[in-house]
Amino acid sequence: MARTLEQLQARYNSSSKKGPQGGGRGPHGPRPQGKPKNAKQTIARLAGYAHGFEWRFILVLICMLTTTVSSLIGGYMLAPIIDRLTVAVTGREPEMSVLERAADSVVRSLMNSAGADTTAVMPYVITAALLLGAIYLVSLAMTYLQARLMLGFSQGMIERIRNDLFTKLQHLPVRYFDGHPTGEVMSRFTNDVDNIDVMINNSLTSIISGVVTLLGTLTFMLTTSWILTMVTVVCIPLFAFGGGALARISRKYYSAQQAALGAVNGYIEENVTGQKVIKVFNHEDTCVEEFCMLNDDMRDKQFNANFYGGIMGPVMGNMSQITYGITVGVGGVLMLSGLLTPGGLTVFAGYSRQFSMPINQLAQQMATIFSALAGAERVFDVMDTEPEAKDAENADPMPHMEGNVVLDNVTFGYVPDKTILKHISLYAKPGQKIAFVGSTGAGKTTVTNLLNRFYDIEEGSITIDGVDIRNIKRDVLRENIAMVLQDTHLFTGTIRENIRYGRLDATDEEVIQAAKTASAHSFIMRLADGYDTIIEGDGANLSQGQRQLLNIARAAISKAPILVLDEATSSVDTRTERHIEHGMDRLMKNRTTFVIAHRLSTVRNANAIMVLEHGEIIERGNHDELLALKGRYYELYTGVKELD
Amino acid sequence: MASENKDENKNVKLPFFGFPILWPFIKKYKATMIWMITLGALVSGVDAIYPLFNRYAINHFIGEKTLDTLPLFIIGYVLIAAVQAACNFRNVTDCTKMEMYTNRDLRNSAFSHLQELSLSYYNQNSVGYIHARVMSDSGKIGELVSWRTMDLVWWGSYILIVLVVMLVTNWKLALLVIALLPIAVILVTLFQRKLLKLNRKVREMNSTITADINEGITGVKSMKTLVVEDKMGRHFNEDTLEMYRRSVRTTHYAALLTATITLMSAVALSIVLWKGGEMTTARVMEIGTMSIFMSYALGMIDPIQGIVGAISGIIAVQVNIERYSRLINTEGEVYDRPDVVEKYGDTFEPKRENWEPLHGEIEFKDVTFHYPDGEEKVLEHFNLLVPQGTNVAIVGETGAGKSTLVNLVCRFFEPTEGQVLIDGRDARDRSLQWLHSNLGYVLQTPHLFSGTIRDNLRYGKPDATDEEILHSLHMVSADFILDKMKDGLDTEIGEGGDFLSTGEKQLLSIARALLADPAILILDEATSSIDTVTEKAIQHAISTAIENRTSFMIAHRLSTIVNADVILVVSEGKIVERGTHKELMKAKGAYYELYTRQYEELVVNNEIG
């Protein structure tokens, strides 16, 4: 019983937004995304990134100018050659244009200085050809230089933008990431930066060279024959109009295609991940039926999008053939009436072909530039986000921390009006173990988020050794709190490096010692490259339990006086957990430890247990005291007995 | 991921460029393809002969100074341009059609084939990998049979026509120009190969940077707690610098390529000017002919680059063809014998009228089993009779191999040796579909599909009425979920049931399994913590569900385990003990140890959540 196409698309298309984000672009390069709000300001700011590259940019401009002009002149050199040959054949001296006479005289003066006979045909042709070759060589060298310089310029800028963005990223408050999903932030780096890259590298070049070529060609054309120039210019709107219309249609179909593609992607993804259920419920045939429906729809939309995209080139090609035909036709008439030389016509015909190119280019670049500027605005938007508050002027460097932690009347909520923690007060003396228990959402993890200042509190105070944590240098504070979280990230690099992240100056010996403490040594040794095994993609090649052991090792290597264990062993199997118990005891020794666990056995020997419920501490005391209280903790703990 | 990525860069050599593999897909569109090639060759040929018009114009209008034929000339020219435009239009249509239709067929075949593959394929390949086979490989092949082929035809025809025109008009000058061709081809090929390599390196660096950024975002909390921002920042700067270097290097070669190409044209042009000039002054050749040679010389590099590019494009797609054909040719490890298909039908055409009712007696008879991707025998000469209506609980540590028996009952895998008997007959004697239609499965991580609650519950019984659905929800005490939802059964529950808690999803998936009233029920209990209300509902649901049904439960809850008719204790992939709770406690073996060690944890986990 397959669903209808509309139902399917409505359901699966949304999932495409969650899809993997890469630097991937559609088959037609970056598509315009939004419009810049304040283009001028954005351009000025982008230009700021070119600081120090000014000379390079000026050189690029010079190169570009030289290249364009020399290739125009190079093309023009054909005119005197052809006319000279025509004279030789037909014996009639044609009326040359100003430019052609200039070129002619340059060739003649060159011949003069070489002592050759200026009236001979072949030496003339050869000299002109040599001159042409020389011009080409110059243009060649300049093209190369320009590409090199331009890339240095653009990549230099992009490198700066990327680095700036990354640095910024690291100093953004954790809160920022609550409101911005990974995919969205990623797209600033990938799509938006790539678009800027394309704009600087390609669009800028093609716009400048397009404008120069356009003006140059126009000048050359006008001096050759203004009548013919008019004819060519009249044909231009034809191009602009046709091209623009096609681009619009194609863009419309393109977004339809993207939607269809999203649906197909979402469908496959769900089909693969839910394959077991599909098999058990015998849904294979329905799936195939539904997939075919989505697939057919995608085919049709892709057809339209690609057809209008694909027809663009040929249409333009044909149009330029037609312009060419008209130019040659009218030019022929002009030539016979003596208004144009044969050579002039030849080069003119060439120019008329070239002429439409920069115009097309310019039209196409506008879309890219708009989308790049919009991207740049989003990038700058990230850069302008308020970073984590700076350390206070008189922030305490706290060279030695004891681990005396006091929370006094702390109230906090992630969003205004939604309090998570209410009036929490507690103290931990150095070396003590404080445990938090309570149901999900009670606010256990929030307490640890406040300790290391991922979030700053609104009411009350947190002090360490009597100093308010807002007055401690943030780096110092965090260095002094070792955290083992349920989902601590493993970085790309070797296992050794990952453990060493806990303390960057640790020796290899200490790394192994820490791994042993965390019971990670034995599994590490079983890996092919031992401690040098490369961890990829957040430890995808390790089991969840193994990753947690590495995180514990990371905490073990640090000398931080405060330790936070948030569900640190939730994914470690029970047998390993027993192994690790001893190591954990050593880990916690002489450190102020905060433990969050849902296995009650892990918290039993804590100095104090805080039972959290709806953001409040409803019971506190050690295990025995709390049992004697016969309250919530007792309920949690003794639920067991009734079942037995 | 890494190994999958490296796959992209592999050079694959297939016989006849993979054409025999693709033939079945192209066959359908033979006519379109022939039209595409013919018209493509024609259009490109016309492109190649445009300079002939030039020659005519120069020779007649300039050389002979008559305008007699001018109107005819213009009409002819415009006519040819118009015909070319029409052909072009048709050609692009054919080409796009070829691409999209082949692409669709490839995707359909891949998808349908995937439905027939056994679960082991899905276990061994990541979602991303499978997805790429269906989407990107098909896409690349679609491009190959259309635009890539077209490129080859286009430039091939162009070059051919140009050669013919040159040789016919002036063979001496033609030979001089043609002599340059091999050099140009070699140079372009060398450069392109180099550029391909360099571009690959840039792409690699690009993905490294993307990975860096991804890590910077997903690992932001860890980075901050470890205070390693500076280290990461330096690392990132190194990577962007390397990117800079590689890009510059690539541009260097790209610019050199452009320069070389321009140089080749210039050389060709100078040859034409020199020798052609001599010929013209000697009146051996007309100026118009010279103009043809000049245009060809100036534009000689496009076709060369085009054809080299087309060929390297075709070579690059070989790896996609190879991977695609590997998917299509992967045999499911579990399939029905021909005689079974004959009687019971297949996935797409089941013959339900021949299906016997399934009672639910299951017997493992001397079963030996190892997983296709492993050597170690998980079961050896295993025997177990499960009478109809028995509840079997399978217990053991994570990773001990508890799912093996379940996988065999569901026929996700077949025994390596021995038999699984269902109602006294070998499971392989009847069709997979028959078995699955009598089987309910509740997964540990319940998978719900995008759609409404009704759609999801009806998954196992497409014709279920709302009463039946409500009844099954009531049976598992899941009414409270419906009460919460404002649209009742019509509530959309996003991809994978996004707006429900794990416990609620599990309840719905139990209801889904019960709706079809299966004779056998498989239940993989969730280990994750669940809030108390839902937990109670689940416990109740499970006890209702297994009543009067043969059931296999991968159990974590004490209540489920203790009440089971048979408990199987699995350790390191082997079944080490079996019996009832009482028997096993008396035996003081592995179960006793596991029970006494874990029971506290288990219950505490469940209670606290």
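**Figure 1. Contacts across the sequence of chain B.** In this predicted model, take the contacts of chain B between residues at least 6 apart in sequence: 80% of them join residues at least 24 apart. Burial gives a second way to look at the chain, with 42% of the 609 residues of chain B counting as buried.

**Figure 2. The overall build of chain B.** Chain B carries 22 helices and 10 strands. Its radius of gyration is 36 Å, whereas the globule rule gives 25 Å for 609 residues; the value for chain B is well over that, so the chain is more spread out than a compact globule. If you would like dimensions to go with this view, the C-alpha trace of chain B spans about 115 × 65 × 55 Å along its principal axes.

**Figure 3. Domain 1 and domain 2 of chain B.** The domain assignment places residues 15-170 together with 316-331 in domain 1 of chain B, and residues 171-284 in domain 2. Taken over C-alpha atoms, the centres of these two domains of chain B are separated by 26 Å. Where they touch, domain 1 of chain B contributes 4 residues and domain 2 of chain B contributes 6 residues. On the domain 1 side of this contact in chain B, you will find 3 nonpolar residues, 1 polar residue and no charged ones.

**Figure 4. An open sheet in chain B.** Here 4 strands of chain B line up in the order S2-S1-S4-S5, with antiparallel pairing. Strand S2 (379-386) and strand S5 (425-426) of chain B are at the edges; each has a single partner strand, so one side of each is left without a neighbour in the sheet.

**Figure 5. Strands S1 and S4 of chain B, side by side.** Moving in on this pair, strand S1 (residues 362-369) and strand S4 (residues 417-422) of chain B run antiparallel and are joined over 5 bridges. To find your way along the pairing, start at B:Glu363, which stands opposite B:Leu421 in S4(B).

**Figure 6. Helix H18 of chain B and the residue that follows.** Helix H18 of chain B is made of 14 residues, 502-515. How far apart should its ends be? At 1.5 Å a residue, the helix should span 20 Å, and its end C-alpha atoms are 20 Å apart, which agrees. H18(B) is also mostly covered, as 13 of its 14 residues are buried. Just after H18(B), look for B:Asp517, which takes a positive phi of about 50°.

Technical notes
Residues are numbered from 1 along each chain as its sequence is written. Chains are lettered from A and ligands numbered from 1 in the order in which they are written. This is a predicted model: local features need pLDDT of at least 70, side-chain atom pairs count only at pLDDT 80 or more; totals for chains, interfaces and linings use all residues. Helices (H or I, at least four residues) and strands (E, at least two) are DSSP runs, numbered from the N terminus. The expected span of a helix is 1.5 Å times one less than its number of residues. A residue is buried if 20 or more other C-beta atoms lie within 10 Å of its own, exposed if 12 or fewer, and partly exposed in between; C-beta atoms are placed from the backbone. The radius of gyration is taken over C-alpha atoms; the globule rule is 2.2 Å times the number of residues to the power 0.38. Two residues are in contact if their C-beta atoms, placed from the backbone, lie within 7 Å. Domain bounds come from an automatic or database domain assignment. Ala, Val, Leu, Ile, Met, Phe, Trp, Tyr, Cys and Pro count as nonpolar, Asp, Glu, Lys and Arg as charged, and the others, Gly among them, as polar. Two strands pair if DSSP finds at least two bridges between them.
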